[in-house]
Amino acid sequence: MINIFDIAKTAGVSKTTVSRVINNQPGVREDTRKKVLETIEGMNYIPNQAARSLVSRKAGVIGVIYNEFNTSVYLELANLLEKYASGYSYNMVFCSSNDDFNAKARYVQYFTGGAADGVILFGSDTRDRELVQKIENINFPLVLIENHFNDLNINNIIIDNFSGAKRAVDYLINMGHEKIAHITGNLNHRAASDRMNGYIEALNSAGINYNKDYVVFTNAGDNSGAAGVEKLVSLKEPPTALFTFNDLQGYEAVQKAVELGVGVPQELSVVGFDNIYQVLRFIPSSMRLTSMKQPMEKIAEAAVKLIIDNINDKSTEPKVLTFETEIYQGTSCRPLVKRLQSDVG
């Protein structure tokens, strides 16, 4: 088996120089570095990560813990996190707790026990406070995405779901809609409760009464959009517009509405959240959903930089970064045309 001593002998340098090149450390002339890298490639040498960890006291791994992988926005973020982590020569290890708090706690223990140099916790489960507190107590590098606990001093990336939801509903109100429904996500998650509250705030600000019949409570699982819209269009006074917790619900709602003979956007305007059309191309629809777009590229880049900075210097003052959403105007909404009195009868 080829080892670091073989590389050093073949390249005509010391094993210390080879080690510095492998670990991307300074103190090596560029021509020497190039020679060592060419030797490594020519001999098909694969550095032993465990051995490197013993020397550097770093695993070279960032652990990413999700609530679950059943939403497309999670997959998009995973790809972007990997993209930016590779620029720092770090590997990402992704885990899903499947919304099981005990499983999430085991992953936290695993990563903080030496399997990773830092943890990114993505999701907005309000039960996560206990875990986040434990990670903070041991001063382990951490970035929390989408969740927030005011009394904890940690690196935090927040998506302004409340304002994003309010803008989505304001958009429908400005089109003349007043009968606006909402299909929720899992309200144990901050993202879902913030979007629900943003929906209510938009109605209140416009002087529109909250109608409990226009709110369908779900856990954002598969077919929740379809089941939700089926219930809404069967009402005696069905809504003319719908705001869904995410895009998957939105596209499901569009398809089910059309199946039920309800035209979109002719009879029902629909706004989603996440704007992940490219990820959802498997959905057979010519409709491009109007949706609130999250700056996923910026979020991923910021998350990786925060965790790397924290790994390199654990005394770094934690930062809280807030990202706003913006509306993408698709083809699923239209202004509500009110008939004039003279046209009636």
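This passage describes the setting of strand β3 and the cysteines of a predicted model.

Strand β3, which spans residues 118-122, is largely enclosed by the rest of the structure, because 5 of its 5 residues are buried. The burial extends to both faces of the strand: G118, I120 and F122 lie on one side, V119 and L121 lie on the other, and all of these residues are buried.

The strand has pairing partners in β1 and β4. With strand β1, formed by residues 61-66, β3 pairs in the parallel sense over 5 bridges, and within this pairing I62 stands opposite G118 of β3. With strand β4, formed by residues 142-145, β3 likewise pairs in the parallel sense, here over 4 bridges, and V119 of β3 stands opposite L142 of β4. The chain passes from β3 to β4 by way of helix α7, which comprises residues 129-137, and the resulting β-α-β crossover is right-handed. G118 and V119, which are placed on opposite sides of β3 and are both buried, thus each take part in one of these registers, G118 facing I62 and V119 facing L142 in β4.

As regards the cysteines, the structure holds 0 disulfides. C95 has a relative accessibility of 9% and therefore counts as buried, the cut-off being under 20%. C333, at 12% relative accessibility, falls under the same 20% cut-off and so also counts as buried.

Methods. Residues numbered from 1 in each chain as written. Predicted model: local features only at pLDDT ≥ 70, side-chain atom pairs only at ≥ 80, totals over all residues. Heavy atoms only, no water. Disulfide = S-S within 2.5 Å. Buried < 20%, exposed > 50% of the residue type's maximum accessible area, 1.4 Å probe, protein only. Helix = DSSP H or I, 4+ residues; strand = E, 2+ residues; numbered from the N terminus. Pairing = 2+ DSSP bridges. Right-handed = clockwise from strand over helix to strand, strands pointing away.
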